[in-house]
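These entries record what I looked up in the structure, beginning with strand pairing and ending with charged side chains.

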Amino acid sequence: MSDDVLLETRGAVGVVTLNRPKALNALDLGMCRRLHPQLDAWAADPAVKAVVIRGAGGRAFCAGGDVRAVAASLGAATGGARERLSREFFRAEYALNHRIHHFPKPFIALVDGVCMGGGLGLSIHGAYRVVTEKLVLAMPETAIGLFPDVGGGWFLPRFPGESGTYLGLTGARCGAADALWLGYATHHVESARLDAVLEALAGAEWGRGAAKAVVERVLAGFHADAGTSTLAVQHPAIDRCFAAERVDDILQALEMEGTAWAQETWATLMRMCPMSLKVSLHQLRMGRTRDYDEMVGVEYRLSQAMTARADFREGIRAVLVDKDNKPRWHPATLSDVADADVEACFVPLGGDALELPESR
């Protein structure tokens, strides 16, 4: 059995500890396969009233899915093996997110430190997200030739105004106050008090009443003010600049805005993968009118289309392997990305479509 994810029960609380601190608790295929059946078991066990998930090491909750391993497998394998390897991780990760989204008991994420990409998938789909002053929250996928997945097509459009579009396209990082303003975080607790939060939940008198009331009473007792959100201050400008339906129009709006923030944001977008930007904006606009279960299927199609492109391996090389941050994108500019190629990424996969259990 792998020690990369630790599973235990404390009192009436199931406890998950992501235990890859050297990898910032990045989520890999084996971890998904261990965690999912345990969540099923806890969901069915009347003695378990709630589940807590946290990260080991003090630096990160979860830095995301282990996309570096996915890219390495794509580079090493050939033919059908490449296809199988590129499917398995995303199918397992998205199924795990779906299990959390529909979990029938209070699911509490203690989000301390880095939480990016797949880390949001493990947390935002639960009922409670407790963040600390160490939080670094981001969806940085457009920098590596991907798109904001793990349900990002559903939850980013539901953040205030165009803040989700801004975060999904730029990969901008947020702190605790921003997370509360967005609606991602439900509570803010000092990092040093997280162990006490877990102890209080494990030692709570659950009785026969609603578990939700017990959890909310415990978490309220630890909640502290997180200060002023930078995103809230920038919100009017974000709404003005990111409301467009085309990435080119967003860039033009940023040029017209003319502020230091707008110039920096424009420069950030120009470094991102052009194909990822167009695919991601289309995904986020689609997600405005679709529910989560619909968007999971769409995102699985996108995961297969985008990881098959050379941009994905190049993004991983530039950001996570060589770390030169000088990716060579193909196509290299937004004008070179054909609308037909973007639309092709969304075409149903037929027999390889992601099948998930009915919500329960």
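**Entry 1: the hairpin.** I began with the register of β2, where the bridge partner of valine 5 is leucine 18. I note that the model is predicted. β1 and β2 run antiparallel and are joined by 6 bridges. I then examined the turn: the two strands form a hairpin with 2 residues between them, and glycine 11 in that turn has a positive phi of about 60°.

**Entry 2: the sheet.** I traced the strand order next. An open sheet is formed by 6 strands in the order β1-β2-β3-β5-β7-β9, with mixed pairing. Its edge strands are β1 (5-10) and β9 (187-188), each of which pairs on one side only.

Moving inward from the hairpin, I found that strand β2 (residues 13-18) pairs with β3 in the parallel sense over 6 bridges. For valine 15, the bridge partner in β3 is valine 52. I also checked the burial of strand β3 (residues 50-55): 5 of its 6 residues are buried, so the strand is largely enclosed by the rest of the structure.

Further along the order, I looked at strand β5 (residues 107-111) and strand β7 (residues 128-131), which pair in the parallel sense over 4 bridges. Valine 111 has valine 131 as its bridge partner in β7.

**Entry 3: helix α10.** I turned to a single helix and recorded its dimensions. Helix α10 (residues 230-241) has 12 residues and reaches 16 Å from its first C-alpha to its last, close to the 16 Å expected at 1.5 Å a residue. At the N-terminal end I found a cap: a side-chain oxygen of serine 229 lies 3.2 Å from the backbone nitrogen of leucine 231.

I then listed the buried residues of α10, which are Leu231, His235, Ala237, Ile238 and Cys241. As to what they face, these buried residues pack against α6 (163-170), α7 (176-182), α11 (247-257) and α12 (260-271).

**Entry 4: buried acids without a salt bridge.** Which side chain of opposite charge is nearest to glutamate 93? I found that it is arginine 20, 11 Å away. Glutamate 93, found in helix α3 (residues 79-101), is buried yet has no salt bridge. Leaving aside neighbours within four places in sequence, its contacts are Leu27, Cys32, Gly65, Gly118, Asp149 and Val150.

Asp149 in that list led me to a second case. Aspartate 149 is found in the loop between β8 (136-138) and α5 (152-155). This residue is likewise buried and has no salt bridge; arginine 91, the nearest side chain of opposite charge, is 13 Å away. Not counting residues up to four places away in sequence, aspartate 149 touches Phe90, Glu93, Tyr94, Met139, Glu141, Phe155 and Glu299. I note that Glu93 and two further acidic residues, Glu141 and Glu299, appear among these.

**Entry 5: salt bridges.** I searched the whole structure and obtained 18 salt bridges. I looked at several in turn.

Arginine 20, already met in the previous entry, forms a salt bridge with aspartate 28 (3.8 Å, N to O). Both arginine 20 and aspartate 28 are buried.

A second salt bridge joins the side chains of arginine 54 and aspartate 195 (3.9 Å, N to O). Arginine 54 lies in strand β3 and aspartate 195 in helix α8 (residues 194-202), so the pair ties together parts that are 141 residues apart in sequence. I asked whether each partner is buried or exposed, and which relative accessible area arginine 54 has. Arginine 54 is buried, at 19%, whereas aspartate 195 counts as exposed at 51%.

The third lies within one helix. The closest N and O atoms of glutamate 314 and arginine 317 are 2.9 Å apart, and the two residues form a salt bridge. They are 3 residues apart in helix α15 (residues 310-321), and therefore separated by about one helical turn. I noted the general rule that an α-helix has 3.6 residues a turn, so residues three or four places apart point the same way. Glutamate 314 counts as buried at 13% relative accessibility, and arginine 317 counts as buried at 16%.

I closed with a network: salt bridges that share partners join Glu162, Glu245, Arg285 and Arg288.

Definitions and conventions
Residues are numbered from 1 along each chain as its sequence is written. This is a predicted model: local features need pLDDT of at least 70, side-chain atom pairs count only at pLDDT 80 or more; totals for chains, interfaces and linings use all residues. Side-chain values use heavy atoms; hydrogens and water are left out. The expected span of a helix is 1.5 Å times one less than its number of residues. Buried means under 20% relative accessible area, exposed over 50%, partly exposed in between (1.4 Å probe, protein chains only). Contact means heavy atoms within 4.5 Å. A polar contact is a pair of N or O atoms within 3.5 Å; within protein, one must be able to donate a hydrogen and the other to accept it, and residues adjacent in sequence count only if both atoms are side-chain atoms. Lys and Arg count as positive and Asp and Glu as negative; His and the chain ends are not counted. A salt bridge is a side-chain nitrogen of Lys or Arg within 4 Å of a carboxyl oxygen of Asp or Glu. Two strands pair if DSSP finds at least two bridges between them.
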